[in-house]
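Student: I am new to this structure and would like to go through it slowly, one question at a time. Could we begin once it is in view?

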Amino acid sequence: MSNSDAAAILTTHDPALAIRAVRTLLGIADTTGAEVDFEAVIRSPEVLARVREVLPALKWSAAAGVEHGSSDAGDDPARCLPIRVFDWCHPLDLAEPFIASLGPDAAAVRFDLEAWPEVPEAGLERVSQKYAYLTLSVNSRDLYQDEPSDDHTVHVHVRYAALAEDTARIEWLADQVGGRFTGRVETAPL
């Protein structure tokens, strides 16, 4: 197992702007075989009902711990709220319906890409799947929903943000969406 660095490049109160930034970055990336993973904290029956419309076979566990309920045990998630969602390996077209279903609840939507492309004019080489990720933190500023907020943050993943070539990629990707690299980086286990 290895880690990537997730660099915040855009934080906005406007969910449409955050989604446009994600679409732009997906248009740049090689998305051959790409998947999307969902992690969230669901607190209300209304949000749970909307999320289950998007993900009927939702994978979850009670926020208090698996011993208090989980999808693996066949428990009713509505009786175990709040719940933590860890539901991975979905097609990209489920990302936006999932985001729309969240209301005020916090989530991380991680796009597992094939690669960040070569950008010769910027001196950037192709980056393989191992470090080619994009995460949208919804109603949270961090990857793990530990910092709930009323805004949304786009993170791009690289091997090590302090390396000059990785910093250059972060800055180039930020420029493509009208964002900027603030220096805020989180380690993301892959």
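Student: How many salt bridges does the structure hold?

Tutor: The model is a predicted one, and a salt bridge is counted here when a side-chain nitrogen of Lys or Arg lies within 4 Å of a carboxyl oxygen of Asp or Glu. By that criterion, the number of salt bridges in the structure is six.

Student: Which helices hold Glu96 and Arg23, and how many residues apart in sequence are the parts that this pair ties together?

Tutor: Glu96 and Arg23 form a salt bridge in which the closest N and O atoms are 2.6 Å apart. Glu96 belongs to helix α3 (residues 95-101) and Arg23 to helix α1, so the pair ties together parts of the chain whose separation in sequence is 73 residues.

Student: Is Arg23 buried, partly exposed or exposed?

Tutor: Buried means under 20% relative accessible area and exposed means over 50%, with partly exposed in between. Glu96, at 33%, is partly exposed. Because the relative accessibility of Arg23 is 46%, Arg23 also counts as partly exposed.

Student: Which residues are linked with Asp37 in a network of salt bridges?

Tutor: Asp37 sits in strand β2 (residues 35-42), and its side chain makes a polar contact of 2.4 Å with the side chain of Arg110. The side chain of Arg110 also meets that of Asp112 in a salt bridge, at 3.0 Å from N to O. The residues linked with Asp37 in the network are therefore Arg110 and Asp112.

Student: Are Asp37, Arg110 and Asp112 buried or exposed?

Tutor: The relative accessible area of Asp37 is 3%, while that of Arg110 is 15%. Asp112 has a relative accessibility of 14%. Since the cut-off for burial is under 20%, each of these charged residues counts as buried.

Student: Which backbone nitrogen does the side chain of Asp37 reach?

Tutor: Setting aside residues up to four places away in sequence, Asp37 touches Asp87, Trp88, Cys89, Ala108, Val109, Arg110 and Asp112. Among these contacts, there is one in which the side chain of Asp37 comes to 2.8 Å from a backbone nitrogen, and that nitrogen belongs to Cys89.

Student: Where is Ser140, and what is its relative accessible area?

Tutor: Ser140 is placed in the loop between β8 (133-138) and β9 (152-158). Its contacts beyond four places in sequence include Ala106, Gln145, Pro148 and His152, and its side chain has a polar contact of 2.7 Å with the side chain of Asp142. Ser140 is buried, and its relative accessible area is 0%.

Student: What separates the C-alpha atoms of Ser140 and Asp150?

Tutor: Ser140 and Asp150 are ten residues apart along the chain. The separation of their C-alpha atoms is 7.1 Å.

Student: Which residue forms a salt bridge with Asp151?

Tutor: Asp151 is buried, with a relative accessible area of 2%. Its partner counts as partly exposed, at 35% relative accessibility. The closest N and O atoms of the pair are 2.5 Å apart, and the partner is Arg141.

Student: How far apart are the end C-alpha atoms of α1, and what span should its residues have?

Tutor: Helix α1 has 14 residues, and at 1.5 Å a residue these should span 20 Å. The distance between its end C-alpha atoms agrees with that expectation, being 20 Å.

Student: Within what arc do the buried residues of α1 fall?

Tutor: The buried residues of α1 are Ala18, Ile19, Ala21, Val22, Leu25 and Leu26. Seen down the helix axis, these buried residues line one face of the helix, because the arc within which they fall is 155°.

Student: Which residues touch the most other members of the largest nonpolar core?

Tutor: This core has 52 residues, and its largest share, six residues, comes from helix α1 (residues 15-28). Phe98, beyond its neighbours within four places in sequence, is in contact with residues including Phe38, Val51, Leu55 and Val109. The members that touch the most others are Phe98, Trp116 and Leu134.

Terms used. Residues numbered from 1 in each chain as written. Predicted model: local features only at pLDDT ≥ 70, side-chain atom pairs only at ≥ 80, totals over all residues. Heavy atoms only, no water. Core = buried A, V, L, I, M, F, W, Y, C linked by side-chain atoms within 4.5 Å. Buried < 20%, exposed > 50% of the residue type's maximum accessible area, 1.4 Å probe, protein only. Helix = DSSP H or I, 4+ residues; strand = E, 2+ residues; numbered from the N terminus. Contact = heavy atoms within 4.5 Å. Polar contact = N/O pair within 3.5 Å; in protein donor to acceptor, adjacent residues only side chain to side chain. Expected span 1.5 Å × (residues − 1). Arc of directions from axis to C-beta.
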